[in-house]
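Dear colleague,

I am handing over the structure below, and my notes on it follow directly after.

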Amino acid sequence: MKLGEVSILTHDVVRLADFYKSLLEMDNGSNDTVHQTIIAEETMLTIFNDGQKHDRQNMCLVFTVYDIDKEYDRIQFLGAEIVEPPTVRPWGATNMSFKDPDGNIVYLRSFPNQ
């Protein structure tokens, strides 16, 4: 078994999808208001409005990057709320976190010598 998709539930698909298209520096060519696939490779990332109300954060996304300081500057430029700036962890990774427009926590991490 392998993970096939991560879907972020939202009431504003276009706004959240536009944020992730900017974050991931890719364009899916869609402005669909109900469902957009952002990454369509082995594990997909989709933004989806399931018509339900979601009050709790029950997940986070983690992306591995090569240059976390460059990404930190870019995330600030996107206007995202920084939760934690780049911080070296005891196990050697450097992590940072921020909130997407719906308040979901997103982590970026880089590893030494990658």
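What is the mean pLDDT of the protein? The mean pLDDT (the predictor's confidence in each residue, from 0 to 100) is 88, and 94% of the residues reach 70 or more. This is a predicted model, in which local features need pLDDT of at least 70 and side-chain atom pairs count only at pLDDT 80 or more, while totals for chains, interfaces and linings use all residues. Residues are numbered from 1 along each chain as its sequence is written, and side-chain values use heavy atoms, with hydrogens and water left out.

Among the elements (DSSP runs numbered from the N terminus, helices being H or I of at least four residues and strands E of at least two), strand β3 (residues 44–48) has the lowest mean pLDDT, 84, and helix α2 (residues 68–78) the highest, 96.

The sheet is open, and its three strands follow the order β1-β3-β2 with mixed pairing (two strands pair if DSSP finds at least two bridges between them). Because β1 (5–9) and β2 (35–40) each have a single partner strand, they stand at the edges, and one side of each is left without a neighbour in the sheet. β2 and β3 run antiparallel and are joined by five bridges, and Ile39 has Leu45 in β3 as its bridge partner.

As for the helices, the axes of α1 and α2 (lines fitted to C-alpha atoms over the stretch in contact, with angles from 0 to 180 degrees between N-to-C directions) come within 10 Å and cross at roughly 150°. Their contact (heavy atoms within 4.5 Å) is made by Phe19, Ser22 and Leu23 of α1 and by Arg74, Ile75 and Leu78 of α2.

Best regards
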